[in-house]
Amino acid sequence: VIILSSRYISQPWATTLYAHSSIDLLRELKRSDEKTIPLYNDDMIRQVVEDIKHLNEDMKITIFDHNYREANERTDEGMLQDPRVLSSVGIQFAAIQRHTRCILAYLHERFLRLKNIRWELGAVLPDDIQQHTSEQERVAFRSYNSLLSEYMSEMNVDLLRNLTPPKELDVQVRVLEDVGEIDTENGEIVSLTRGTEHLLRRADVEQLIRQGVLQQIE
């Protein structure tokens, strides 16, 4: 067990030295496009968890083993007054906290992106995004989707329409992918075939525009 001098406890590199794996996790997420979600890094998450376990064991050894061998007559209370032990335990505990905060920040940011995708693309995750998520994230997404749908049903309001105030009620669109028939608010049935153009109510097609199925013609 390495016991560090007390003057190192306040140095930023001290906890970074122990917590580099979780920092790499956040850097990987930060480099990705904010409008999508990168592949869930299960291997690195497991590595961070193992690092936390090892730090916890090192901390126990530092307190109850190393110092006891150095001065076997010293009490536990006396050991914790040794500035070298305090410094080492402080750095190890700070590294555990930093690991934990990094993992929570990683999971929180990923779920925020999933929530944004729900508002932008609808209740079903695209296959490429779904393949990048963990099982727990997919469960959380379905739960969030259920809560949102339940709220909109109870309040009789569609929160997914007009996310930004529209300048005009009607919008000219070009169909980029075959959609089939849709029911409009006024009761009409419109067939959206690839390559065709339509003048429709924004409320009827806004979600399809966000999904990239329709293209708004300025």
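Which helix does R118 lie in? Select residues 83–121 and you have the answer on screen: this is helix α5, and R118 is part of it. Before going further, keep in mind that you are looking at a predicted model.

**Stop 1: around R118**

Show R118 with its side chain. Is this arginine buried or exposed? R118 counts as buried because its relative accessibility is 3%, and the cut-off for buried is under 20%. To see what surrounds R118, add A123, F141, Y144, N145, L148, S149, M152 and L160, which R118 touches when residues up to four places away in sequence are not counted.

**Stop 2: the whole protein**

Now zoom out and colour by secondary structure. You should find eight helices and five strands. Follow the chain from the N terminus and the elements come in the order α-α-α-α-α-α-α-β-β-β-β-α-β. Of the 218 residues, 33% count as buried. Switch on the surface if you like: the protein exposes about 13900 Å², with carbon and sulfur atoms supplying 51% of that area. Among contacts with a separation of 6 or more, 67% are between residues 24 or more positions apart.

**Stop 3: the sheet**

Next, select β1 (170–175), together with β4 (197–201) and β5 (214–216). These three strands form an open sheet in the order β4-β1-β5, with antiparallel pairing. β4 and β5 are the edge strands, each pairing on one side only. Turn the view to follow the twist, which averages 40° from one strand to the next.

How many bridges join β1 to β5? There are three, and the two strands run antiparallel. For one pairing to look at, pick R174 and its bridge partner in β5, Q215.

Then add α8 (202–210). This helix packs on the sheet and touches β1, β4 and β5, while its direction makes about 120° with that of β4.

**Stop 4: the largest nonpolar core**

Which residues make up the largest nonpolar core? Select V171, V173, V175, I182, V190, L192, L200, V205, L208, V213 and L214, eleven residues in all. The elements giving two or more residues to this core are β1, β3 (189–192) and α8. β1 provides the largest share, with three residues.

Finish on V213, a member of that core. Leaving aside its neighbours within four places in sequence, V213 is in contact with R174, V175, L176, E177, V179 and L208. Look for R174 in this group, the residue you saw bridged to Q215 in β5.

How values were computed:
Residues numbered from 1 in each chain as written. Predicted model: local features only at pLDDT ≥ 70, side-chain atom pairs only at ≥ 80, totals over all residues. Heavy atoms only, no water. Core = buried A, V, L, I, M, F, W, Y, C linked by side-chain atoms within 4.5 Å. Buried < 20%, exposed > 50% of the residue type's maximum accessible area, 1.4 Å probe, protein only. Helix = DSSP H or I, 4+ residues; strand = E, 2+ residues; numbered from the N terminus. Contact = heavy atoms within 4.5 Å. Pairing = 2+ DSSP bridges. Axes fitted to C-alpha atoms, helices over the stretch in contact; angles between N-to-C directions. Areas by Shrake-Rupley, 256 points an atom, 1.4 Å probe, with all protein chains shown as cover.
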